[in-house]
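Here are a few short exercises to work through at your own pace. Keep the viewer open and try each task before reading its solution.

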Amino acid sequence: MKIIQYCQHVLGIGHLFRSLEICRALCDHEVILVTGGPQVVTDLPGHVRQVGLPDLQMNHEFKGLFSSQKNSTLAQIKAGRQKQLFTLFEREKPDIFLVELYPFGRKAFRFELDPVLQALNNKRLPACGVVCSVRDILVEKEDQIKHELRAVKTLNGYFDAVLVHADPNLAQLNETFGQFDKIGIPVVYTGYIARQPEPAAGQKLRQQLQIGADKFLIVASAGGGNVGGPLLKAVVQAFDQLEVKTSCRLKVFTGPFFEPGDFDDLKKMAGKNVQIEQFTTDFLSFLAAADLSISMGGYNTTMNILATEVPALVWPFPQNREQRLRTGRLAGLGALRVLEDEDLHPDRLAVIMDQWICRTTQATLNINLNGAVNTAKWIENRAKRLQSKS
């Protein structure tokens, strides 16, 4: 089976890394991963081939697109992307088209997606199954009803199903999508997509770092975006005031898109037993090894926390509801603690860190984290049904 999987990351890399987990789960099939955001170094499995469209990113005001390619106008880049994507379908003739987020989001990219969807629908392109892949919680829009009605029209007109990467016992799509009942295609909950750590990964890393059982490791991270500066600055400052400081090590991962000036400032602030790095390909092992995680509340990081069962302090991204809703519910289950803005004062944060790093019990949760495998199984079954009808 051949699958074209479309993922456009415009701000951080969370959407891309979630899509990569689905790619890995589709290990028995040929996957063509279409991306078009800022370049990110990824470790692709052998069955996955990446096709990169000319990059487009969202500006800091979330109001428009721009590209790092300064030798072309935005209109030229859009025209080139549209042609490249359409030609890809003409050449590859996939069995399944898996679209990340659209039409629940990524409206700015309908210029390249809608021509493909329309051509698949009216048979100008060879027929294939069309599936939407979407996370648990949607962000709010300026004109919510208009946005939702447009999304419903697109779903019912061009898509065969919606795969929601969530456990409905924790979050349901209808809670953040008011026109849910008007969706006329199947909506399937796959469970959350969460990569599992390798067996004994935490223990092995602690040995590698020479951190004994009587020492503490704190991992602070800002996720894949560029908005975690206030949190990481507060953590580095608070570390100096910890009661357990002398027996503790702090590892900070800023993420690949962290502002260079802010990164330099953190490096200057870092004292003894504090290490500042941009990125690691072994982040999950660091969480498995950690005694405490301090982070933003994005989907992927939150699922990493659940998969490793590390005690966690989480500061939700304040500009929309997504991270606040997810982390709030998990806090209610005892899985983590939500940090408020006032908790980022170093004195206050140090007290909270001291309390949580010494926490000896963790809540037992029953949340489905097998979303990648379940997604792959659903797609395989869908393709078989399509083949039996042809």
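**Exercise 1.** Is serine 285 buried or exposed?

*Solution.* Bear in mind that this is a predicted model. Start by locating the residue: serine 285 lies in helix H8, which covers residues 283-289. Next, take its relative accessible area, which is 10%. The cut-off for buried is under 20%, so serine 285 counts as buried. Finally, look at what surrounds the residue: leaving aside neighbours within four places in sequence, serine 285 is in contact with Ala201, Gly202 and Leu205.

**Exercise 2.** Find the order of the strands in the open sheet of 7 strands, and say which are the edge strands.

*Solution.* Trace the sheet across and you get S3-S2-S1-S6-S7-S8-S9, with parallel pairing. The edge strands are S3 (48-52) and S9 (187-189), as each pairs on one side only. From one strand to the next, the twist averages 20 degrees. Now zoom in on S9: its pairing with S8 (residues 161-165) is parallel and runs over 3 bridges. Here valine 164 stands opposite tyrosine 189 of S9.

**Exercise 3.** Work out how compact the chain is for its length.

*Solution.* First take stock of the secondary structure: the chain has 12 helices and 15 strands. Its radius of gyration is 22 Å, close to the 21 Å that the globule rule gives for 390 residues, so the chain is as compact as a globular protein of that length. Then check the burial: 54% of the 390 residues count as buried. Last, turn to the contacts with a separation of 6 or more: 72% of them are between residues 24 or more positions apart.

Conventions
Residues are numbered from 1 along each chain as its sequence is written. This is a predicted model: local features need pLDDT of at least 70, side-chain atom pairs count only at pLDDT 80 or more; totals for chains, interfaces and linings use all residues. Side-chain values use heavy atoms; hydrogens and water are left out. Two strands pair if DSSP finds at least two bridges between them. Helices (H or I, at least four residues) and strands (E, at least two) are DSSP runs, numbered from the N terminus. Axes are lines fitted to C-alpha atoms, for helices over the stretch in contact, and angles run from 0 to 180 degrees between N-to-C directions. Buried means under 20% relative accessible area, exposed over 50%, partly exposed in between (1.4 Å probe, protein chains only). Contact means heavy atoms within 4.5 Å. The radius of gyration is taken over C-alpha atoms; the globule rule is 2.2 Å times the number of residues to the power 0.38.
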